[in-house]
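Open the model in your viewer and keep the sequence panel beside it. The tour below moves from the whole chain to single residues.

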Amino acid sequence: MAELDTHDSPLPTTTVKWRFPSIHPEGRKYTVIAVAIALIVYFGVSHFVGWLLVGVAIWVATFFRDPIRTTPRGDKLIVAPADGLITMIAKVPPPPELRGPDCLADSEYTRISIFMSVFDVHINRSPITGRVRRIVYVPGKFVNADLDKASEDNERQHFMVEGSDGLRVGFTQIAGLVARRILSFAKEGDLVEAGQRVGLIRFGSRVDVYLPAGTAPRVLLGQRSIGGETVLAEVGIASTLTGSSQ
């Protein structure tokens with residue numbers, strides 16, 4: 001992994017150069033397999049089909065890319081756990097798996113849904129700094145992750161992270177129409193930083209974030225989020241944004 005940058009001043013005097021994203025270790029074996037198949041077909045079956053499969057191998061490597069992200073600091077900031085399109089913002093109760101006295105209250109939360117297409121980065125990150133208090137995996141279906149019912153029907157994995165000030169933020173990885181495996185890099189009890197990698201979903205999916213009470217989203221429907229960088233909300237700020245698509 002390339003050297004990380006630290007920005008302790010609001011006006012850093014150094015510059016940052018573009019870095020070619022690395023491939024996450026989880027995806028290296030798939031990239032090698034895709035390249036091997038492309039070479040076998042190219043030399044043994046058809047040059048034309050072989051070149052097509054080379055394109056597929058490049059896409060596989062791109063899917064598992066793992067870019068460095070610069071996460072803004074702030075105890076009250078909730079950052080996006082995923083790259084993708086903001087497709088839904090709704091008032092809903094939290095998932096049953098995240099309810100309880102040591103988890104989320106049984107009331108309404110603002111849920112922000114981020115849809116990840118097969119072209120987005122699929123590494124998921126923690127929205128806040130804190131300790132992972134709960135991880136619950138739920139097997140399920142593989143309907144289109146862009147549908148509202150996917151949050152209840154699809155294979156999914158719930159996280160709840162609690163900050164040092166008692167702030168609790170729940171978020172859910174949801175498998176999609178093509179996705180067939182949800183991976184977790186963290187376990188219950190781990191201390192994670194905001195923007196730290198905590199999981200991955202293969203091949204098209206969605207992540208839901210449940211904002212604390214009295215906190216309004218600072219993003220809009222149709223906006224694209226960048227995992228670990230886009231600020232979804234600031235705790236205690238209840239004013240909403242307006243905007244237009246153009």
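**The whole chain**

Of the 246 residues in the protein chain, 43% count as buried. The model is a predicted one. Show the chain as a cartoon and look for three helices and 15 strands. Then switch on the surface: its accessible area comes to about 12,900 Å², and 59% of that area belongs to carbon and sulfur atoms. Contacts can also be sorted by how far apart the residues lie in sequence. Among the contacts with a separation of 6 or more, 71% are between residues 24 or more positions apart.

**Stop 1: two helices**

Select residues 25-44, which are helix 1, and residues 47-63, which are helix 2. Two packed helices are described by the angle between their axes and the distance between the axes. Here the angle is about 170 degrees and the axes are 8 Å apart. Helix 1 is therefore roughly antiparallel to helix 2, as angles over 145 degrees count as such.

Now show side chains where the helices meet. On helix 1, the residues in contact include Tyr30, Ala34, Ile37, Val41 and Tyr42. On helix 2, they include His47, Trp51, Leu53, Val54 and Val60. Which classes of residue make up the contact of helix 1 with helix 2? There are 14 nonpolar residues, three polar and no charged ones.

**Stop 2: the sheet of eight strands**

Strands of a sheet pair through backbone hydrogen bonds, either parallel or antiparallel. Colour the strands by number and follow the order 11-7-8-9-13-5-4-14, an open sheet of eight strands with antiparallel pairing. Strand 11 (191-192) and strand 14 (224-225) stand at the edges with a single partner strand each, so one side of each has no neighbour in the sheet.

Inside that order, select residues 168-175 (strand 9) and residues 205-211 (strand 13). Six bridges join these two antiparallel strands. To see one facing pair, pick Ile174, which stands opposite Arg206 in strand 13.

**Stop 3: the sheet of three strands**

Next, find strands 6, 12 and 10, which form an open sheet in the order 6-12-10 with antiparallel pairing. Strand 6 and strand 10 are the edge strands, each pairing on one side only. From one strand to the next, the twist averages 25 degrees.

Select residues 197-201 to see strand 12. Is strand 12 mostly covered or mostly uncovered? Four of its five residues are buried, and the strand is mostly covered.

Strand 6 (residues 123-125) runs antiparallel to strand 12 and is joined to it by three bridges. Pick Arg125 there, and its bridge partner in strand 12 is Arg197. Three bridges also join strand 12 to strand 10 (residues 182-184), again antiparallel. On this side, Ser184 has Gly199 as its bridge partner in strand 12, and Leu183 stands opposite Leu200.

**Stop 4: one residue in a loop**

Finish by selecting Ala82, in the loop between strand 3 (77-79) and strand 4 (84-92). Why does Ala82 count as buried? Its relative accessibility is 0%, and buried means under 20%.

Display what surrounds Ala82. Apart from neighbours within four places in sequence, Ala82 is in contact with Ile114, Met116, Asn124, Val207, Ser225, Ile226 and Gly227. Draw a distance line from Ala82 to Gly227: these residues are 145 apart in sequence, yet their C-alpha atoms are 4.0 Å apart in space.

Technical notes
Residues numbered from 1 in each chain as written. Predicted model: local features only at pLDDT ≥ 70, side-chain atom pairs only at ≥ 80, totals over all residues. Heavy atoms only, no water. Buried < 20%, exposed > 50% of the residue type's maximum accessible area, 1.4 Å probe, protein only. Pairing = 2+ DSSP bridges. Contact = heavy atoms within 4.5 Å. Areas by Shrake-Rupley, 256 points an atom, 1.4 Å probe, with all protein chains shown as cover. Axes fitted to C-alpha atoms, helices over the stretch in contact; angles between N-to-C directions. Parallel < 35°, antiparallel > 145°, perpendicular 65-115°, else oblique. Nonpolar A, V, L, I, M, F, W, Y, C, P; charged D, E, K, R; others polar.
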